[in-house]
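Student: I would like to learn how to read pockets, cavities and domain contacts. Please take me through them step by step.

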Amino acid sequence: MANRRVVVLPGDDEAPQTVYAALEVIRALGAAVEFVEFPPGEQWIRGETDKAARAAIDTSDSTLFGSTSGKTTSINYLRWGKQTFANVRPCRYMPGFKSPLARPDGIDYVIVRENLEDLYLGLEGPLEALAPLHLQSRILRAELDTSERGIFAIKVITEKKSRQIARFACELARKRKAQGYPGKVTCTSKYNMLRQSDGFFRQIVEETAAGYPDITYEQFIVDDFARRIVQSAHSLDVVVMPNLYGDILSDAAAGTIGGLGLAPSGCYGDGYAYFESVHGTAPDIKGMGVINPTATMLSAVMMLEYLGFVEESRRFEQAIRKVYGDGRTLTVDQGGTARTAEFTRAVIANL
Ligand code: ATP
């Protein structure tokens, strides 16, 4: 296969260590990937590096991204510039993960989070700015009191983006069904309370799922769903939800299988995808050399698959699985004593 070009944005704080660990394994696999590497966000000359990174992204096949605390500014370009509308966050238990659940074996579902709208458009401001609108509250049956000192935030749910994410979820469920999964899409939002916004999202997903007769559809209110990811995660297959719930619940989902160090993610658009862990930059363990690189490694596994290196992605995942199955070289968050570098060497040894 021809060389694929991948932009590497290592991110901030301790995140770069996870990215470098993943790169070591990809290099050891011998995948024909050409990396275009940028420095950690702390070293970015604001504006300059961002511009260069955007140009590199435009001529690449994908980006491997370390988490950012805001210093690596190109994240917004990867998301909104490249319109990567589907944030795919698998929640899959592997034997050896330090799950707090009694029976985590077999947990294997995917959260599909809408990635571009909802409350994430940065539309916030002083309450008084809403005064000219004379907004009527359905709950209060009165006009919104804008004389209080306060802030508003705007939640936007469009038909286009909801349908796009619903289709993505249904297609994913269909693909998984062909691999032996149940072929089910679960939609969740706060549709009983936010009848117009979350209700609209729910309605569009249900309508879209009706066009997939081979896929089972179900829906739960998001608070009930939060309980289900703890008590009945085994019944889930593909779950689709608006942006904010997806952000919060995927951290909770990661917690059920053993923590943030284990949860990968990929953000897919029509012509581009980038990959990063679910976790943040772990500033509290910066420079300690103990961060668990598994989440970023599993994100790299997803990236290799996306790029067409299916065999390499399987070998990578199997090697991670073996390290956990063996249990001798686990990082501190998983109850072990291994440092990031030792864990990485163990994965490479198992390729
Ligand atoms: P963000 O808001 O970007 O998600 P955050 O600081 O809220 O960032 P994280 O950076 O994800 O959250 O960290 C939450 C906790 O989990 C921290 O104590 C951190 O050290 C720990 N943590 C996160 N990722 C890892 C990892 N890969 N390995 C070990 N510990 C981790």
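Tutor: We begin with enclosed space: a search of the whole structure finds one cavity of 30 Å³ or more. This is a predicted model, in which local features need pLDDT of at least 70 and side-chain atom pairs count only at pLDDT 80 or more, while totals for chains, interfaces and linings use all residues. Residues are numbered from 1 along each chain as its sequence is written, and side-chain values use heavy atoms, with hydrogens and water left out.

Student: What is a cavity, and what is a pocket?

Tutor: Both are sets of points on a 1 Å grid over the protein atoms alone: in a cavity a 1.4 Å probe fits but cannot get out, whereas a pocket is an open set with protein on both sides within 12 Å along at least five of seven lines. Lining residues have an atom within 4 Å of a point. Grid points are joined across faces, edges and corners, and a volume is the space filled by probe spheres set on the points. Here the largest cavity has a volume of about 50 Å³.

Student: Which residues line the largest cavity?

Tutor: Its lining is Arg89, Pro90, Cys91, Ile111, Ser250, Ala253, Ala254, Ile257, Ala263 and Val278. Two elements, β4 and α7 (243–257), give two or more residues each; helices (H or I, at least four residues) and strands (E, at least two) are DSSP runs, numbered from the N terminus. The largest share, four residues, is from α7.

Student: How do the residues of that lining divide by type?

Tutor: There are eight nonpolar, one polar and one charged. Ala, Val, Leu, Ile, Met, Phe, Trp, Tyr, Cys and Pro count as nonpolar, Asp, Glu, Lys and Arg as charged, and the others, Gly among them, as polar.

Student: Into which domains is the chain divided?

Tutor: The division is into domain 1 (1–97 + 261–351), domain 2 (99–116 + 155–257) and domain 3 (119–153), with bounds from an automatic or database domain assignment. Domain 1 and domain 2 each give at least three residues to the lining of the largest cavity.

Student: Why does the largest pocket lie between two domains?

Tutor: Domain 1 and domain 2 both give residues to its lining, so the largest pocket lies between them. It holds about 1,000 Å³ of space. Of its 32 lining residues, Arg92, Leu172, Lys175, Met302 and Glu305 lie nearest the centre. The helix α4 supplies the largest share, seven residues. By type, the lining has 19 nonpolar, four polar and nine charged residues.

Student: Where does the second largest pocket lie?

Tutor: It lies between domain 2 and domain 3, because both give residues to its lining. Its volume is about 820 Å³. The lining has 21 residues, and Leu135, Gln136, Ser137, Ala153 and Leu194 are the closest to the centre.

Student: How is the size of an interface given?

Tutor: It is often given as the accessible area lost when the parts come together. Buried area is the accessible area (1.4 Å probe) that two parts lose on being put together, summed over both. Domain 2 and domain 3 bury about 730 Å² between them, 58% of it on carbon and sulfur atoms. On the domain 2 side, Lys155, Val156 and Leu244 lose the most area to domain 3, together 47% of what that side buries.

Student: How many salt bridges does the rule find across the interface of domain 2 and domain 3?

Tutor: A salt bridge is a side-chain nitrogen of Lys or Arg within 4 Å of a carboxyl oxygen of Asp or Glu. Across this interface the rule finds zero.
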